[in-house]
Amino acid sequence: MPNVPTILQRLTAVREDVARAVKRAGRDPASVRLMCVSKTQSAEIIEETLAAGHRLFGENRVQEAQKKWPDLRLRYPDTELHLIGPLQTNKVKDAVALFDVIQTVDRMRLVEALAREIRSSGRAIRLMVEVNTGAEPQKAGVLPSEADEFLRVCGETYGLPITGLMCIPPAGEQASPHFALLWQIARRNGLSELSMGMSGDYEQAIQLGATCIRLGTAIFGARISV
Ligand SMILES: *Cc1c(COP(=O)(O)O)cnc(C)c1O
């Protein structure tokens with residue numbers, strides 16, 4: 001097969017594209033981080049990405065991440081790993097042990113379980129709240145109308161280190177209004193981190209203030225399953 005780009009080539013092309021988008025938005029390059037979403041990718045593919053110098057990764061399943069990452073992290077200890085998929089309360093202990101950031105805090109029962117586990121483990125993990133910006137019934141995330149109160153309780157009642165917000169806009173809709181809404185909620189709650197933008201819409205996300213864009217397909221090609 002001629003000219004199938006390597007991970008390094010794809011990563012380089014994506015980095016250049018991101019840099020152009022950041023420049024067009026008039027933003028500081030250091031203010032936008034590129035996350036490789038390595039769900040469904042093998043440990044070998046991930047290792048190639050690490051060897052290419054990348055260190056920020058997202059996984060959407062705790063069990064899948066547990067199979068791939070402990071070994072990789074031993075060899076690349078400066079890796080930063082985020083959970084970007086739903087977290088069940090019975091997986092909280094494993095998630096707190098493995099991830100540096102959980103981006104998908106979305107309900108009080110989970111907040112309680114996380115607070116307990118963070119206290120007993122002493123792990124300095126950071127948390128972000130997922131907002132269901134499209135108020136989709138089947139989707140995880142706190143409703144926009146409930147986000148302020150949710151964030152207040154996380155901080156005041158549980159003392160949790162919430163650093164920002166994440167969202168996954170509804171499929172088939174313009175993403176920009178959802179990114180703008182997330183930005184507003186973050187701003188009025190004094191939060192600085194915004195995880196938004198995927199392979200198809202990261203340019204708009206950068207324009208609207210994303211500090212972490214989450215790219216899978218753009219780096220690894222189409223996934224066989226999600
Ligand atoms: C899979 C996934 C991504 C990456 O999506 P691509 O379209 O492949 O870039 C980003 N965020 C979340 C939460 C995901 O589950």
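The following paragraphs describe the ligand site and then the cysteines of this structure, which is a predicted model.

The ligand sits in the largest pocket. Its surroundings consist of Val37, Lys39, Ile84, Ile168, Met198, Ser199, Arg214, Leu215, Gly216, Thr217 and Arg223. Sorted by class, this shell comprises five nonpolar, three polar and three charged residues.

Among the surrounding residues, lysine 39, threonine 217 and arginine 223 each place a polar side-chain atom at a short listed distance from a ligand oxygen. For lysine 39, the separation between such an atom and an oxygen atom of the ligand is 2.7 Å. For arginine 223, the corresponding separation from a ligand oxygen atom is 2.8 Å. For threonine 217, a polar side-chain atom is found 2.5 Å from an oxygen atom of the ligand. Taken alone, the ligand exposes 390 Å², and the protein buries 89% of that area.

Attention now turns to the cysteines. How many disulfides does the distance rule give? The count is zero, and two cysteines illustrate the reasoning. A disulfide requires a pair of cysteine sulfur atoms within 2.5 Å. The cysteine sulfur closest to that of cysteine 154 belongs to cysteine 167 and lies 17 Å away, so the two are too far apart for a bond. Cysteine 154 is itself buried, because its relative accessible area is 0%.

Cysteine 212 can be treated in a similar manner. Its sulfur has the sulfur of cysteine 36 as the closest cysteine sulfur, but the distance is 11 Å and therefore too far for a bond. With a relative accessible area of 6%, cysteine 212 is also classed as buried, the threshold being under 20%.

How values were computed
Residues numbered from 1 in each chain as written. Predicted model: local features only at pLDDT ≥ 70, side-chain atom pairs only at ≥ 80, totals over all residues. Heavy atoms only, no water. Near = heavy atom within 4 Å. Polar contact = N/O pair within 3.5 Å; in protein donor to acceptor, adjacent residues only side chain to side chain. Areas by Shrake-Rupley, 256 points an atom, 1.4 Å probe, with all protein chains shown as cover. 1 Å grid on protein atoms, 1.4 Å probe; cavity = no way out; pocket = protein on both sides within 12 Å on 5 of 7 lines; lining within 4 Å. Sits in = over half its atoms within 2 Å of the grid points. Nonpolar A, V, L, I, M, F, W, Y, C, P; charged D, E, K, R; others polar. Buried < 20%, exposed > 50% of the residue type's maximum accessible area, 1.4 Å probe, protein only.
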